[in-house]
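This report looks at cysteine pairing, at one buried polar side chain and at one surface patch. Please keep the sequence and the model in view while reading.

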Amino acid sequence: MAETSFDVVIVGGGPGGYVAAIRAAQLGMKTAVVERENLGGICLNWGCIPTKALLRTAEVYHLMQNAGAYGLSVTGATFDLEKVVARSRAVAKQLSQGVKGLMRKHKITVFDGHGRLAGKGKLHVEKDGKGVADLTAKHIILATGARARSLPGLEPDGKLVWTYREAMVPTTMPKSLLVVGSGAIGIEFASFYRDLGAAVTVVEVLPRVLPVEDEEISAFAEKAFKKQGMTIMTGATVKALKKGADSVTATVEAAGKATDITVDRVILAVGIGGNVENLGLEGTGVKVDRTHVTVDEYSRTGEPGVYAIGDLTGPPWLAHKAMHEGVVCVEKIAGVKGVHPMSAGNIPGCTYCRPQVASVGLTEAKAKEQGRQVKVGRFPFIGNGKAIALGEVEGLIKTVFDTKTGELLGAHMIGAEVTELIQGYTIARTLETTEAELMQTVFPHPTISEAMHEAVLDAYGRVLHI
């Protein structure tokens, strides 16, 4: 086993890891990535990207079934599940190959194997129990990501009880489905399977679906999901799962009453835990809190020369958060001037269900909890010309401003393509924009983005189109 020396070695080739590697190489550092599975990580191979391919299929299928609303006639619309899954996997493969190309372009060495700390500035890499290489590096960045959590008595078996992995590659279409958890992952799968015709029940332990979102957006979403035919059970807990030959009976408790629900399949979407095992953290200054590595604002752990980024360090579990953390971490290591720590309040969140949900900053309730006096603006899609033309009138944009300073504290959106629109408000927060600049900004017509302008105007009693 040859010992190889690098300036930076990154353990994990997911969004955080490979982006950190590219930035390190750009800054002239000799860089290596250690990846035990596929470059691109969970996000690219089993998360963000392939799920969006599946959801796009569901969206097109939904539009085909409702073609009459557009003056079109479509008869006999069906889907081939095998081809639906194959397209999703092909999209993931294409992008994974693209990451390999980026590694070659930036002359980044990639080691296929599992990396483990082996002393100060040392990393041992092995594959299938055999040593691959012993690396030395001034800086080691842990970017090993996370995996789906399971609950006692609700463990997935890959056949009847699924995690996101099995839910992404079904071999047969379930007629009925129970989704445990209504965060982004759970609701996206609920939306996909419902649009393809499955009877879907969503169980959420908290009082509302999409519980991290603003309460008005959650309520709007729940109403939309129920209209689509989903059964939504909030304040409910799955107490037990009884498996049959090709079905599962779940005992769900809500308001002190237990109900048995029999479905073809169950999807668990109850959060994730960090991949901290077998990293050689024992005897180091790296601290782990509930499966997540503790870091400072520049991703430094308690062990000099060791850093951690992405899902490994805790919420929000988002690829774009991991990417930005990787860049900040590497630039701090390189001594780049003017490096700013990432502001968690400026990280947008997106859920690609139907209708889409997106947000950035504080909810109205959180702002008030902080003692802020707020001005709140709202604008419905039904008042937007482009939304009406698209036949996408189901939506709402909400803005929250600080009454005293005019600071945009938060923005919350539900409706068609809001995952693309939210970046406008994210940029506004990064630039510390007030209501004055937003009101003076010219928004193009006809676009859904005009509803963003109107939601700002509404907060200050100047709304034009409602």
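## Cysteines outside a disulfide

The sulfur of C329 has its closest cysteine sulfur in C43, at a distance of 19 Å, which is too far for a bond. Since this is a predicted model, the distance should be read as a computed value. A disulfide requires two cysteine sulfur atoms within 2.5 Å, and the 19 Å that separates C329 from C43 therefore rules out a link between them. C329 is also buried, with a relative accessible area of 1%.

C353 is likewise in no disulfide, and the nearest cysteine sulfur, which belongs to C350, is 11 Å away. With a relative accessibility of 4%, C353 counts as buried, because the limit for that class is under 20%.

## The disulfide of C43 and C48

How many disulfides does a search of the whole structure find? The search finds 1, and a disulfide is formed by C43 and C48, whose sulfur atoms are 2.2 Å apart. That distance satisfies the 2.5 Å cut-off, so the pair qualifies as a disulfide. The link of C43 and C48 is left-handed, with -130 degrees about the S-S bond.

The two partners fall into separate accessibility classes: C43 counts as buried at 15% relative accessibility, whereas C48 counts as partly exposed at 29%. The boundary of 20% lies between these two values, and therefore the two cysteines are classified differently.

## S88 and its surroundings

Is S88, a residue of helix α4 (residues 81-105), buried or exposed? S88 is buried, because its relative accessible area is 0%. A polar atom of the S88 side chain lies 2.9 Å from the backbone oxygen of P50, so that P50 offers this side chain a polar partner at a distance within the 3.5 Å limit for a polar contact.

When residues up to four places away in sequence are not counted, S88 touches P50, A53 and L54. P50 thus appears both in the list of residues that S88 touches and as the owner of the backbone oxygen 2.9 Å from a polar atom of the S88 side chain.

## A nonpolar patch at the surface

V60, M64 and V74 make a nonpolar surface patch of about 200 Å². One of these residues, V60, is found in helix α3, which covers residues 48-65. V60 is partly exposed, with a relative accessible area of 36%, and this value meets the requirement of over 30% for patch residues, which is why V60 can be included.

Methods: Residues are numbered from 1 along each chain as its sequence is written. This is a predicted model: local features need pLDDT of at least 70, side-chain atom pairs count only at pLDDT 80 or more; totals for chains, interfaces and linings use all residues. Side-chain values use heavy atoms; hydrogens and water are left out. Patches are made of residues with over 30% relative accessible area and no salt bridge: like charges are joined within 9 Å, nonpolar side chains (Val, Leu, Ile, Met, Phe, Trp, Tyr) within 5 Å. Accessible areas come from the Shrake-Rupley method with a 1.4 Å probe; for residues, only the protein chains shown count as cover. A salt bridge is a side-chain nitrogen of Lys or Arg within 4 Å of a carboxyl oxygen of Asp or Glu. Helices (H or I, at least four residues) and strands (E, at least two) are DSSP runs, numbered from the N terminus. Buried means under 20% relative accessible area, exposed over 50%, partly exposed in between (1.4 Å probe, protein chains only). A polar contact is a pair of N or O atoms within 3.5 Å; within protein, one must be able to donate a hydrogen and the other to accept it, and residues adjacent in sequence count only if both atoms are side-chain atoms. Contact means heavy atoms within 4.5 Å.
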